[in-house]
Amino acid sequence: MIGRLNHVAIAVPDLDAAVALYRDALGADVGAPQDEPDHGVTVVFITLPNTKVELLYPLGETSPIAGFLEKNPSGGIHHICYEVQDILAARDRLTAQGARVLGDGTPRIGAHGKPVLFLHPKDFNGTLIELEEV
Ligand code: CO
């Protein structure tokens, strides 16, 4: 059912330092920071030949990644995103298998303008999984 790895999202405590690391030390194709107020994050997209990395930095008082950075002060992998062709079919298959979808199960529009859902990390080996319809 799942297709390509769309992105790996990394929460970072210092966005400028993370950008410099990926651009200068790793030599990656690093985009400009984009504020995503609906998601409570500032995102920097890093384009790799086979997938993307997204640096996430808290935006606003109620950012969903603030708690994650409190627990992981030097940053860390926040979630990974797999592509699916039909997000509602994917949701129904997963819930039938006993997996928990976060929120009310209704896909939201994600940072790429496409419908996304998140799956409970306790059901997936401690990894928060995002599904994105492509
Ligand atoms: Co994501």
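**Exercise 1. Start from one residue pair and place strand S9 among its neighbours.**

Solution. Val116 stands opposite Glu132 in S9. Strands here are DSSP runs of E with at least two residues, numbered from the N terminus. Two strands pair if DSSP finds at least two bridges between them.

This is a predicted model, in which local features need pLDDT of at least 70 and side-chain atom pairs count only at pLDDT 80 or more, while totals for chains, interfaces and linings use all residues. Residues are numbered from 1 along each chain as its sequence is written, and side-chain values use heavy atoms, with hydrogens and water left out.

Step 1. Take the S8 side. S8 and S9 pair in the antiparallel sense, over four bridges.

Step 2. Take the S6 side. S6 and S9 are parallel and share five bridges. One example is Tyr82, whose bridge partner in S9 is Leu131.

Step 3. Check the cover. Four of the five residues of S9 are buried, so the strand is mostly covered. Buried means under 20% relative accessible area, exposed means over 50%, and partly exposed lies in between (1.4 Å probe, protein chains only).

**Exercise 2. Find the partners of strand S1 and say how enclosed S1 is.**

Solution.

Step 1. Look towards S6. Six bridges join S1 and S6 in the antiparallel sense. Ala11 has Gly76 as its bridge partner in S6.

Step 2. Look towards S5. S1 and S5 run parallel, with five bridges. Ile10 has Leu55 as its bridge partner in S5.

Step 3. Count the buried residues. Six of the seven residues of S1 are buried, so S1 is largely enclosed by the rest of the structure.

**Exercise 3. Describe the cobalt site and what it links.**

Solution.

Step 1. List the donors. His7 (NE2), His79 (NE2) and Glu130 (OE) coordinate the cobalt ion at 2.0 to 2.1 Å. Donors are N, O and S atoms within 2.8 Å of the metal (3.2 Å for Na, K and Ca); water is not among the atoms, so sites may look incomplete.

Step 2. Read the spacing. Along the chain the donors follow H-x71-H-x50-E.

Step 3. Place two of the donors. His7 lies in strand S1 (residues 5–11) and Glu130 in strand S9 (residues 129–133), so the pair ties together parts that are 123 residues apart in sequence.

Step 4. Check exposure. Both His7 and Glu130 are buried.

**Exercise 4. Describe the largest pocket.**

Solution.

Step 1. Fix the term. On a 1 Å grid over the protein atoms alone, a pocket is an open set of points where a 1.4 Å probe fits, with protein on both sides within 12 Å along at least five of seven lines; lining residues have an atom within 4 Å of a point.

Step 2. Give the volume. The largest pocket has about 490 Å³. A volume is the space filled by probe spheres set on the grid points, which are joined across faces, edges and corners.

Step 3. Go to the lining. There are 24 lining residues, and His39, Arg108, Val116, Phe118 and Glu130 lie nearest the centre.

Step 4. Sort the lining. It divides into 11 nonpolar, nine polar and four charged residues. Ala, Val, Leu, Ile, Met, Phe, Trp, Tyr, Cys and Pro count as nonpolar, Asp, Glu, Lys and Arg as charged, and the others, Gly among them, as polar.

Step 5. Name the strands. S4 (41–47), S5 (52–58), S6 (76–84) and S8 (115–119) each supply at least two lining residues. S8 gives the most, with three.

**Exercise 5. Decide whether Leu119, Glu83, Ile77 and Asn125 are buried or exposed, and add their surroundings.**

Solution.

Step 1. Leu119 is found in strand S8. At 2% relative accessibility, Leu119 is buried. Beyond four places in sequence, its contacts (heavy atoms within 4.5 Å) include Leu94, Phe124 and Leu131.

Step 2. Glu83 lies in strand S6. Its relative accessible area is 12%, so Glu83 is buried. Outside its neighbours up to four places away, Glu83 touches residues including Met1, Asn6 and Glu132.

Step 3. Ile77 is also in strand S6. Its relative accessible area is 56%, so Ile77 is exposed. Leaving aside neighbours within four places, Ile77 contacts Val8, Ala9, Ile10 and Phe68.

Step 4. Asn125 lies in the loop between S8 and S9. At 77% relative accessibility, Asn125 is exposed. Asn125 has a positive phi of about 60 degrees, although it is not a glycine.
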